[in-house]
Amino acid sequence: MVEDDKEQFYGREVILFRDDHSFECDLRPGVIKLDNNRYQCSRCATKFDHQSGLLPRNEAYCRNCIQLGRISSLVNLGTISEPNKFKKGVDYLAWQGQLTNAQQRCSRNIIESINQQNNRLLWAVTGAGKTEMLFEGVAHALKLGHRVCIASPRVDVCIELFPRLQAAFPGLEIVLLHGKTEMKYRYCQLTICTTHQLLRFQEAFDLLIVDEVDAFPLAGDGALHFAIHKARKLRGTTIYLTATPDQKLLNDVKNGDLSVSYLPRRFHGFELPEIMVKLSFGWEKKINKGYLFPVLRRFLQLQKSNKRRFLIFVPRIRQLPLIHNAISKKFPELKIETVHSKDPQRHEKVQLMRSGEVDGLLTTTILERGVTLPKIDILIIGSDDNIYSSAALVQIAGRAGRSKERPDGNVWAACEVRTKQINTAIAQIKKMNRMKVED
C-alpha cells in the first residue's frame, strides 16, 4: 500500500469489498447479523430488520447512513489507528484579535479541559464570539500534535467557519467536509465537517468541538450522537458549544459529568436584543390574497426609512413566494431574495446579503443559526407555529445586534397567539441578560 493510500485509513473507516485483503488495516463487517433476523450497521449503529434493508441472497444493507455510501453485509470497514503524524510544537495561530476578560476565561477553561482530557459545555449567548474563543485552545492542541475536528450539524455553519479558521491558522492545512463540498478528503491535522461526516471516523480526534450541538438534525438523532462518541479518541476531549443547551446537557452538568463555562454577554458587551411580540390576526389569509398584513408593512416601512437590512423568517417554504410577491408589489424598490433548505443557490444568496447587494432575505429556519450578518433587524412571521421551538426563537433573535456599530437590532415576533415557546424564549433571553459576567 502506498503511503498516500494508507493515510486515507488513519482514524477513518473506509468501505472495502469482502474479497479485498490487500490492505494492511483492521477489518470489521459493515453490517452485523443479530438475533431474530435483526441487523446492526457498524458505521452508524442503527438496528434494523431484514425487510427494511433487503438484498439478494439473504444479504442486508443500512438505509440510515446510505448517503455516505452503502454499507451492507457484503462489505467490510477498514481502518488504521490514528498515528498523529503531525509536527509538535508548531504555533500556527496568526489571529491578532483581543479577547475580553470573560472570553479569555472561557478560552483558558477549554485549554484546561484539553490538558485534563475531560469534556466541557461552553454555554455562550449568540454573538458571544465563540469561534474566537476556540482559537487558543485549538492552537494549544495543535502544538501538542493532536488531531482536531470542529463539527456542526449545519452545512451553513461549516461553510462560514472554514474561511475564518483559514485566516486564523494560515500555515495549517484544513479540510472541509460536507455532503455538497467539492473538496476531497485528505489526511490533515484540522478537519471542519458536518456531524454526518463524523460517521466516517473511528477514534480519530484528540479534540472534537461540536458547534450548535442542540441544532437539527443532531438534536434527537441517536446515530449522530453515536458518531460524536465514535469519532473522538477514548482519551480525548469534546467541547460542546451552544447558546441553548438541551436537557441532556443540562443534566450532565448538574450530575458533574460535564464541566461548564458560561458567557452571558456578547463580544461587544451589550445585552441580547429582546423579542417584541406583535399580534397579527389573520396574517396568512391576507398573504394568500396577495396583501401585506399591518405588522409586516410597518416593519418594512421602518427598514426602508432607516435604510436597515433585515431577515424575515416564515414557517413554511410554500409561503416564501406568496410573501415575496406581496412585498414586491408594495415595496418594489427593496431588493429581496428567498432562501430555504432546498434552494441550490442559498449560499450564493447569503453572500449577496453579506456583501450588501440585497436589502433583505425571506427565509425559513435554515438561517436560524450559524450565519453572521451585521446591523440587521429580524421579523419572525407566524412565530406561534410549532416549527419554532423556544431554542429556535432564541437563535433567530440572536441574528440581530451582532456588530459594535449597531448592537441593539430589533426583533419582532408576529403571531396570533402568544405560545409557551415564545414566552420561554423571552424569559431565557431576559435571564441571560440578567446574569452577571464573570471575568
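Contact, as the word is used on this tour, means heavy atoms within 4.5 Å. The model in the viewer is a predicted one.

**Stop 1: S152 and its surroundings**

Select S152, which is found in strand β10, residues 148–152. With a relative accessible area of 0%, S152 is buried, since the cut-off for that term is under 20%. Next, display its contacts. Once residues up to four places away in sequence are set aside, S152 touches V157, C158, C193, T194, T195, D211 and E212. For a sense of distance, add L373 to the selection: L373 and S152 are 221 residues apart along the chain, and their C-alpha atoms are separated by 19 Å.

**Stop 2: the seven-stranded sheet**

Extend the selection from β10 to the sheet that includes it. Seven strands form an open sheet here, with parallel pairing and the order β11-β12-β10-β13-β14-β9-β15. Which strands stand at the edges? They are β11 (174–177) and β15 (259–263); each has a single partner strand, so one side of each is left without a neighbour in the sheet. From one strand to the next, the twist averages 15°.

Now isolate β13 and β14. Six bridges join this pair in the parallel sense. One place to centre the view is L207, which stands opposite T237 in β14. Helix α5 packs on the sheet at this point, touching β13 and β14, and its direction makes about 130° with that of β14.

**Stop 3: helix α5**

Select residues 222–231, which make up α5; the buried residues of this helix are A223, L224, A227, I228, K230 and A231. As a general point, an α-helix has 3.6 residues a turn, so residues three or four places apart point the same way. The buried residues of α5 pack against β2 (26–29), β13 (205–211) and β14 (232–242). Then move to the N-terminal end of α5, which is capped by D221: one of its side-chain oxygens lies 3.0 Å from the backbone nitrogen of A223.

**Stop 4: helices α2 and α3**

Select α2 (residues 101–116) together with α3 (residues 130–143). Their axes come within 8 Å and cross at roughly 25°. Angles under 35 degrees count as roughly parallel, and α2 and α3 are therefore roughly parallel to each other. Their crossing is right-handed. To show the interface, display Q103, Q104, C106, S107, I110, I111, I114 and N115 in α2, which meet M133, L134, E136, G137, H140 and A141 in α3.

**Stop 5: helices α4 and α10**

Select α4 (residues 155–168) and α10. These helices pack at an angle of about 55°, with their axes 12 Å apart. That angle makes α4 oblique to α10. The crossing, in which α4 passes α10, is right-handed. On the α4 side the contact is made by V155, D156, I159 and E160, and on the α10 side by R346, H347 and R354.

**Stop 6: D343, ahead of α10**

Select D343, in the loop between β18 and α10. Is this residue buried or exposed? At 7% relative accessibility, D343 counts as buried. A polar atom of the D343 side chain lies 2.9 Å from the backbone nitrogen of Q345. Neighbours within four places in sequence aside, D343 is in contact with T338 and K349.

**Stop 7: the six-stranded sheet**

Keep α10 in view and add the strands beneath the selection. Helix α10 (residues 346–354) lies across β17, β18, β19 (360–363) and β20, and runs at about 145° to β18. These strands belong to an open sheet of six, paired in parallel, in the order β16-β21-β20-β17-β19-β18. At its edges are β16 (275–279) and β18 (336–339), each pairing on one side only. Neighbouring strands in this sheet are turned by 20° against each other on average, direction ignored.

Finally, select β17 (residues 309–313) and β20 (residues 376–381), which pair in the parallel sense over five bridges. Within that pairing, L311 has I378 in β20 as its bridge partner. The last helix to add is α11 (residues 390–397), which packs on the sheet and touches β16, β17, β20 and β21 (411–415). The direction of α11 makes about 155° with that of β20.

Conventions. Residues numbered from 1 in each chain as written. Predicted model: local features only at pLDDT ≥ 70, side-chain atom pairs only at ≥ 80, totals over all residues. Heavy atoms only, no water. Pairing = 2+ DSSP bridges. Helix = DSSP H or I, 4+ residues; strand = E, 2+ residues; numbered from the N terminus. Axes fitted to C-alpha atoms, helices over the stretch in contact; angles between N-to-C directions. Buried < 20%, exposed > 50% of the residue type's maximum accessible area, 1.4 Å probe, protein only. Polar contact = N/O pair within 3.5 Å; in protein donor to acceptor, adjacent residues only side chain to side chain. Parallel < 35°, antiparallel > 145°, perpendicular 65-115°, else oblique. Left-handed = near helix turned anticlockwise from the far one by under 90°.
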